[in-house]
Structure formats: C-alpha cells, structure tokens
Number of protein chains: 2
Amino acid sequence: MAETNKMYIPTIDDVLAAHSRIQPYIHKTPVLTSKYMDQLTGAELFFKCENFQKAGVFKARGASNAVFGLADDKVEKGVATHSSGNHALSLSYAAGRRGISCTVVMPRTAPDAKKAAVRGYGGKVVECEPSTSSREAVFAEVVAESGADFVHPYNDHRVIEGQGTCSLELHEEVGPLDAVIAPIGGGGMVSGTCLTMSNISPSTKIYAAEPKNADDAYRSFKAGYIIADDAPQTIADGLKVPLKDLTWHFVSNHVEDILLATEQEIIDAMYLIWQRMKIVMEPSSAVPLATIIKNKELFAGKRVGVIVTGGNVDLKKLPWMGL
Amino acid sequence: MAETNKMYIPTIDDVLAAHSRIQPYIHKTPVLTSKYMDQLTGAELFFKCENFQKAGVFKARGASNAVFGLADDKVEKGVATHSSGNHALSLSYAAGRRGISCTVVMPRTAPDAKKAAVRGYGGKVVECEPSTSSREAVFAEVVAESGADFVHPYNDHRVIEGQGTCSLELHEEVGPLDAVIAPIGGGGMVSGTCLTMSNISPSTKIYAAEPKNADDAYRSFKAGYIIADDAPQTIADGLKVPLKDLTWHFVSNHVEDILLATEQEIIDAMYLIWQRMKIVMEPSSAVPLATIIKNKELFAGKRVGVIVTGGNVDLKKLPWMGL
C-alpha cells in the first residue's frame with residue numbers, strides 16, 4: 001500500500017486492514033428491516049444505518065482510516081480538508097480521537113451550527129469566501145503553512161478503503177445480497193461498496209442513486225467520461241459534488257446502473273422512512289429508497305442492501321414543513 | 001392465571017408466559033447507547049427503543065398478550081377498546097395478526113390520520129362525541145352488541161404482563177441495572193416494569209417520569225391514594241390519563257420516586273435525542289431523559305435503563321417548529 005500516492009487503487013486487503021484499524025473508533029451500525037417497506041417495494045430490504053455512525057455519518061469510517069493510518073512522522077502536522085459538511089465533521093472527529101490537529105477550510109457563509117460542530121470535535125475552522133478560487137487559495141495557504149496532510153472527502157484511496165468497511169459489515173451480518181444501493185455524489189461510498197462487494201460477493205449488483213437535479217454521475221456513466229456540473233441545486237446537499245478520477249475508476253467498472261429521483265420523490269421517501277422506521281436521516285439517504293420505489297421491477301423478490309448514509313439534518317428546517 | 005378476572009395481580013411467571021406468547025408478533029427492540037448522553041448526564045444510559053416496536057409503541061406488547069391469550073371460544077367475538085392513541089393502534093395490530101375483529105371507539109374529533117392507521121391494521125372505528133359520557137355510552141353499546149372482550153389500555157393484568165416483557169429483554173441484554181426509568185400516564189409500562197424488575201432484579205430502583213402539567217401520578221404517589229385530573233394539558237399526549245387500581249398497586253408498592261419535567265424541558269430533551277441519537281420518538285418518551293438531566297445527582301455513576309416508549313408523532317407538527 002502506497003500511503004503517499006493518492007491515486008493508488010486500493011484492494012480488498014486494504015479494506016480489511018482499514019476495518020481492523022478503525023474498529024475502536026467507529027460503531028458497527030445496526031441493520032434495520034421493515035415489513036412495511038418490503039410490502040411497499042416487493043423486495044427484501046436491509047437498511048444499513050450509518051445515520052447512527054460516529055459524527056452521524058458513514059464518512060467517519062474513511063476519515064478514521066486516513067487519520068489512524070497516518071505515519072508517526074506525519075502526525076505532528078495534522079490533517080486538513082475543505083468541506084462545509086459531513087467530511088469536515090468526520091475528519092475533526094477522527095483527528096480529535098487521535099489527538100492531532102485538524103484544520104477545515106469552510107466558506108464564511110456556512111451555517112454557524114456546522115462550524116460549531118467542527119469546533120465541538122476539536123477541529124479548527126479557517127474561513128474563506130464562498131467561491132472556488134478563494135477556497136483553493138486559502139486551502140493552499142493552510143497546507144503550505146502547516147504541512148498538514150490533505151484528506152480529500154472522497155478522491156483518496158484511504159477514504160474509499162474506510163467507506164468499504166460499511167458493506168463488509170452489512171454482508172457479514174445479513175449474508176449474500178442480490179443488490180446493494182447507495183446514494184452517489186462524489187462517489188466515495190459507492191466506490192468503497194464496489195471495492196468490497198466485487199471481491200467478497202461478485203454476483204451482488206451495485207446500484208447508485210442520484211438526485212435528478214444533480215445527475216452528473218448519471219450523465220458521466222452514460223457518456224463514459226466524467227461530466228462535472230457547477231453547483232447543481234438539490235435538497236440532497238451531500239450529493240452535489242462531481243466524480244473524480246479514483247471514484248470514476250470504481251463507478252465506471254463496477255456499477256450496474258445509476259437511478260434518478262426527483263426532489264419530490266426524495267422528500268416523499270424521506271418522510272416515509274422517518275414515519276415508518278422511526279429514524280432521523282438526511283435527504284441524501286432517502287434517494288436510494290426513492291429510486292427503488294420507482295424501479296420496483298429491478299428489485300422485486302431480491303435481497304437488497306440499502307445504505308442509509310447519514311443523519312445530520314437541521315431538525316428545524318425539515319423539507320416537508322409547510323407542505 | 002384467571003383470564004376473566006381483570007383485577008388479578010399478575011406474577012413474574014405470567015410475564016414469562018406472555019413473552020413466549022407474543023414473541024412471534026413483536027420486535028425484540030434494540031438497546032442504544034450514546035456517549036454524548038452519558039457525558040451530559042454523568043450516568044451510563046441504556047435506551048430501550050420501543051419506538052421501533054410493532055405499531056411504533058410498546059403497547060403492541062400488552063395488546064398482543066391480551067389478543068393471543070384469548071381463549072378459543074372468545075375469539076369469534078373479537079376485542080374492543082376506547083382510545084384515540086397508541087393502544088387503539090396496538091390492539092388493531094394484534095387483532096389483525098390473529099385475524100380477529102377489533103372495534104375501537106374514538107372521538108369523531110380524533111385526527112383522521114389516527115383513524116386511518118387503525119383501519120390500516122384492520123380495526124373498525126366507531127365514532128363517539130368527544131365527551132366521557134358519549135364515549136362510555138357508545139362503548140357499552142359496542143360491547144353489548146358484539147360481546148367483544150374489552151382490553152383496557154393499562155388497567156388490565158394481561159396488558160401489564162405484556163408491558164413487563166420490555167424490561168425483561170432489557171435486563172437480559174445489558175445485565176444488572178441500578179435504575180430503570182419510564183414515563184407514567186396510566187401506569188401500564190411502569191407497572192409492567194415494577195412487576196418484572198422486583199422479581200428478577202429487586203435492587204434495581206424504578207423511577208417514573210411525568211409531565212409537570214399532568215402530575216396526577218406524582219400527587220397520588222405523595223398523597224398515598226389515587227388522584228385523577230380531568231383532561232390535563234401537556235405535549236406528552238400519551239400521559240394524560242390517570243392511574244387506576246391495578247396500576248396503583250404496582251406504583252404505590254414498587255416505585256422509588258416520580259420525577260417531573262416542564263413542557264420546555266420535555267421539548268428540549270426530545271430535540272436532543274432526535275439530534276444526537278437520530279431516532280424519531282414521541283414527546284412522552286422524552287420525559288425520562290428530561291428528568292434525568294434535572295436530577296443528575298440521583299443517576300450519576302449509575303447504570304440506568306431508559307424506556308423510549310414510542311415513535312408515533314406527527315412529523316408535520318414537531319414541537320420545536322417555530323422556536
């Protein structure tokens with residue numbers, strides 16, 4: 001394993017090593033089932049609940065793998081990233097557990113609650129203007145000054161190895177699955193799922209679920225090359241980012257299909273999960289169920305793993321308020 | 001066990017028999033822990049999540065015990081109750097599973113969603129005026145006509161035996177506890193908890209948690225006799241009903257203390273559980289945590305079971321909306 005080569009293509013052995021490495025710092029999250037959802041879809045669904053994960057999101061896996069895999073001589077300079085969302089939280093969480101510094105570049109317009117949450121885990125917030133040029137300039141400065149190790153939210157083999165531990169646990173708990181479906185933004189969770197399942201259960205089909213309003217992965221998949229959109233608008237705010245070369249490798253090689261859902265379909269599926277399964281999860285996490293409901297023929301009679309990616313949502317601004 | 005004598009005082013053997021009887025029809029609900037909540041309270045908390053129970057509430061246990069314990073010659077006439085809430089849902093669920101009829105008398109002013117949910121489980125709704133006299137008259141008519149077996153929401157030994165299976169599972173899963181705390185309305189869950197714990201773990205203290213706005217159980221407990229309020233107003237709408245003779249027996253003999261929480265304390269605790277533990281639960285279910293937070297000295301350093309009683313809440317009318 002080449003720690004410093006971020007374009008290294010990870011193997012299943014890396015996923016297994018990641019799992020041993022991060023187990024003390026992550027939850028083995030529960031798998032929930034629901035008769036109601038099974039009757040609704042005609043499939044047998046196994047919901048892997050990463051909303052119960054540390055930091056409230058699967059990204060604690062990849063971040064913990066990067067942080068705890070850091071060589072001793074790199075520890076002192078800490079880690080850094082740019083993210084206004086779940087990766088910022090997760091990296092701060094993992095760095096806090098290892099007791100190393102973590103700097104996160106966030107737009108000054110990001111919600112105060114998000115900044116406070118990063119600081120709550122011991123992370124340092126450096127603000128930039130809400131533009132790509134400012135973010136890149138400020139981030140370059142942070143790294144030049146601190147020498148911190150950059151942990152990309154998804155285009156980083158250490159992160160993908162960590163995300164791959166999620167479907168590893170799912171497979172171990174429920175046995176062979178006909179399909180696994182996860183939401184896709186940058187493709188970190190989908191890549192980890194491809195990496196793990198293509199090795200331990202090659203007959204399991206991997207589906208990715210994407211908002212129609214941010215369908216760049218879908219269009220990339222159909223075109224055969226990466227198409228990146230500039231700031232698509234969707235309620236599933238974790239899924240706005242584009243594929244990158246390392247995640248494209250996995251998506252283009254292992255994904256069976258990418259399925260789309262409209263904003264209303266996402267909201268409806270989210271409401272249904274909250275109401276029937278009594279769990280708090282993000283709009284992004286509802287996209288898979290939304291696509292299963294509208295593509296029943298693909299999943300009927302099948303055993304399907306559904307990755308519920310996270311639960312970090314503003315409870316005071318739920319999408320069905322005012323409906 | 002005297003099936004027809006509703007004032008029979010049940011024993012631990014009845015709880016064990018109830019557990020074997022209802023296991024095929026209920027979930028063994030998960031026990032969740034939270035480092036954040038432990039740090040906040042100084043206690044070690046074990047949340048028994050009955051919000052994940054069938055029908056979304058612990059009452060599926062008692063209702064299933066009553067329905068599946070029904071003698072064959074009583075099956076044909078079915079069961080009946082009056083309730084506009086969780087007991088109505090639970091009894092309909094259980095009756096539906098056994099394939100017998102279930103009639104629920106509900107005020108015509110009850111939310112349509114509640115009536116629809118009862119019908120969804122196969123229950124029959126008979127409407128009454130929203131007054132005690134109308135409810136009693138209509139209910140007497142239903143029973144006279146149908147000969148159905150009346151399953152009271154809590155003042156019924158079969159129901160209490162069923163509720164007692166919840167702490168049985170909790171104790172089996174996490175081992176000896178210093179205390180168990182549950183919300184109190186009519187006292188069905190608290191009575192079942194007393195029945196079970198006083199037998200299998202007599203050193204475990206039982207606390208009941210009650211809204212200050214509906215503190216009739218608290219005042220009864222202090223006075224030494226039942227005090228019943230007429231229609232108290234609290235956001236914890238499952239906890240408005242008074243103690244009755246059978247639940248008073250358990251509460252007066254086995255409860256260590258009854259702790260109170262204000263409406264705002266209940267809302268704050270509910271928000272905290274949703275935000276940090278990512279579970280959907282009712283205001284009633286937040287009363288125990290609210291009282292633990294304000295009585296930290298009672299629980300610090302202790303292993304405490306917390307019964308999360310249910311998750312049936314109107315997602316479009318959450319109490320912090322507009323805060």
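Two residues are in contact here if their C-beta atoms, placed from the backbone, lie within 7 Å, and I would like to begin with that wording, since the first part of my talk depends on it. Please also keep in mind throughout that we are looking at a predicted model.

Let me start with the two chains and how they are related. If you take chain A and turn it by 180°, with a shift of 0.0 Å along the axis, it can be laid on chain B with an RMSD of 0.0 Å. That is the relation of a two-fold axis. Which residue of chain A comes closest to this rotation axis? It is A:Ile279, whose C-alpha lies at 2.2 Å from the axis.

Now for the place where the chains touch. On one side there are 15 residues of chain A, and they are in contact with 16 residues of chain B. Sorted by class, the side of chain A that touches chain B consists of nine nonpolar, four polar and two charged residues. Of the interface residues of chain A, 100% are also interface residues in chain B, so the copies meet through the same surface.

Let me turn to single helices and pairs of helices within a chain, beginning with H7 of chain A, which covers residues 132–146. With 15 residues at 1.5 Å a residue, this helix should span 21 Å, and because its end C-alpha atoms are indeed 21 Å apart, the expectation and the model agree. Just after H7(A) comes A:Gly147, which has a positive phi, near 70°.

The next pair is H1 (residues 12–22) and H3 (residues 59–68) of chain A, which pack at an angle of about 85° with their axes 9 Å apart. That makes H1(A) roughly perpendicular to H3(A). The residues that make this contact are A:Ala18, A:Arg21 and A:Ile22 from H1(A), together with A:Arg61, A:Ser64, A:Asn65 and A:Phe68 from H3(A). By class, that contact has three nonpolar, two polar and two charged residues.

Staying in chain A, we can look at H9 (residues 188–200) and H11 (residues 245–254), whose axes come within 9 Å and cross at roughly 55°. H9(A) is therefore oblique to H11(A), and the crossing of the two is left-handed. Here the contact is made by residues including A:Val190, A:Cys194 and A:Leu195 of H9(A), and A:Phe250 and A:Val251 of H11(A). In this contact there are five nonpolar and five polar residues, and no charged ones.

Finally, in chain B, how do the axes of H8 (residues 157–174) and H9 (residues 188–200) cross? They come within 7 Å and cross at roughly 55°, and H8(B) and H9(B) are therefore oblique to each other. H8(B) passes H9(B) in a right-handed crossing. Among the residues of H8(B) that take part are B:Val159, B:Ile160, B:Leu168 and B:His171, and among those of H9(B) that they meet as a group are B:Met189, B:Leu195, B:Met197 and B:Ile200. By class, the contact of H8(B) with H9(B) counts eight nonpolar and nine polar residues, and no charged residues.

Conventions:
Residues numbered from 1 in each chain as written. Chains lettered and ligands numbered in written order. Predicted model: local features only at pLDDT ≥ 70, side-chain atom pairs only at ≥ 80, totals over all residues. Least-squares fit on C-alpha atoms with pLDDT ≥ 70 in both. Axes fitted to C-alpha atoms, helices over the stretch in contact; angles between N-to-C directions. Helix = DSSP H or I, 4+ residues; strand = E, 2+ residues; numbered from the N terminus. Parallel < 35°, antiparallel > 145°, perpendicular 65-115°, else oblique. Left-handed = near helix turned anticlockwise from the far one by under 90°. Nonpolar A, V, L, I, M, F, W, Y, C, P; charged D, E, K, R; others polar. Expected span 1.5 Å × (residues − 1).
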